[in-house]
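Student: I would like to take a close look at a single part of this protein, its nonpolar interior, and to have it explained in one connected answer.

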Amino acid sequence: LQSGFDDLDTLADIEDSDMKDLGIPSYHAVRLRKKLQEIRGSSADGEPELDAHHPVVAFMTDAGLRQYAGALLKSGFDDMETLLLIDDLDLKELGIPRGHVLKLKKRLREYEITHGDQEDQMLLQLQVIGEEMERR
């Protein structure tokens, strides 16, 4: 505190040389650095920050259900293929209210229809390419 590290923002910017100058032993410096990284990686409500570019997080955000993205990821629904397999029991165990369950299932059906067509087209293209290569 006497060295000016009197708030969390300042402490978060502490460098290894500062810790050495303050006489903080290296094993304590490692622990402090780890805790500071954990704090920086958390949002104001204590939940870890979610990567907005993660497919499940992006999907849930678009569906207006971002508040459940963290719970889904923690429960192993960490890719769209797995999320498409979620059932009512899973959703109930996650504590998602029935109205939001209906909204999520509707959006998942829409996703499956739009992205299923794209996958079918890609598979067909790969099949055509494979056939062309066999002819050569």
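Student: Which residues of the largest nonpolar core touch the most other members?

Tutor: This is a predicted model, with a mean pLDDT of 82 for the protein chain and 82% of its residues at 70 or more. The largest nonpolar core has 18 residues, and those that touch the most other members are Phe59, Met60, Leu83, Ile86, Leu104 and Leu108. Helices α4, α5 (69–74), α6 (80–83) and α8 each contribute at least two residues to this core, and α4 gives the most, with 4 residues. Helix α4 also has the highest mean pLDDT among the elements of the chain, at 95, whereas helix α1 (residues 8–12) has the lowest, at 68. Where pLDDT is low, the predicted coordinates should not be read in detail.

Within this core, Phe59 deserves a closer look. Its relative accessibility is 8%, and because buried means under 20%, Phe59 counts as buried. Phe59 also takes part in an aromatic pair, of which the structure holds 1: its ring and that of Tyr111 have centres 5.6 Å apart and planes at 80°, and because an angle over 60 degrees counts as edge-to-face, the pair is described in that way. The pair links distant parts of the chain, since Phe59 lies in helix α4 (residues 55–62) and Tyr111 in helix α8, 52 residues apart.

Helix α8 (residues 98–135) also holds Ile129, which is partly exposed, with a relative accessible area of 43%. Together with Leu123, Leu126 and Met133, Ile129 forms a nonpolar patch on the surface, with about 440 Å² of accessible area together.

Technical notes:
Residues are numbered from 1 along each chain as its sequence is written. This is a predicted model: local features need pLDDT of at least 70, side-chain atom pairs count only at pLDDT 80 or more; totals for chains, interfaces and linings use all residues. Side-chain values use heavy atoms; hydrogens and water are left out. Patches are made of residues with over 30% relative accessible area and no salt bridge: like charges are joined within 9 Å, nonpolar side chains (Val, Leu, Ile, Met, Phe, Trp, Tyr) within 5 Å. Accessible areas come from the Shrake-Rupley method with a 1.4 Å probe; for residues, only the protein chains shown count as cover. A salt bridge is a side-chain nitrogen of Lys or Arg within 4 Å of a carboxyl oxygen of Asp or Glu. Buried means under 20% relative accessible area, exposed over 50%, partly exposed in between (1.4 Å probe, protein chains only). Rings of Phe, Tyr and Trp (its six-membered ring) pair if their centres lie within 6.5 Å; planes under 30 degrees apart count as stacked, over 60 as edge-to-face and the rest as tilted. pLDDT is the predictor's confidence in each residue, from 0 to 100. A nonpolar core is a set of buried Ala, Val, Leu, Ile, Met, Phe, Trp, Tyr and Cys residues joined through side-chain atoms within 4.5 Å.
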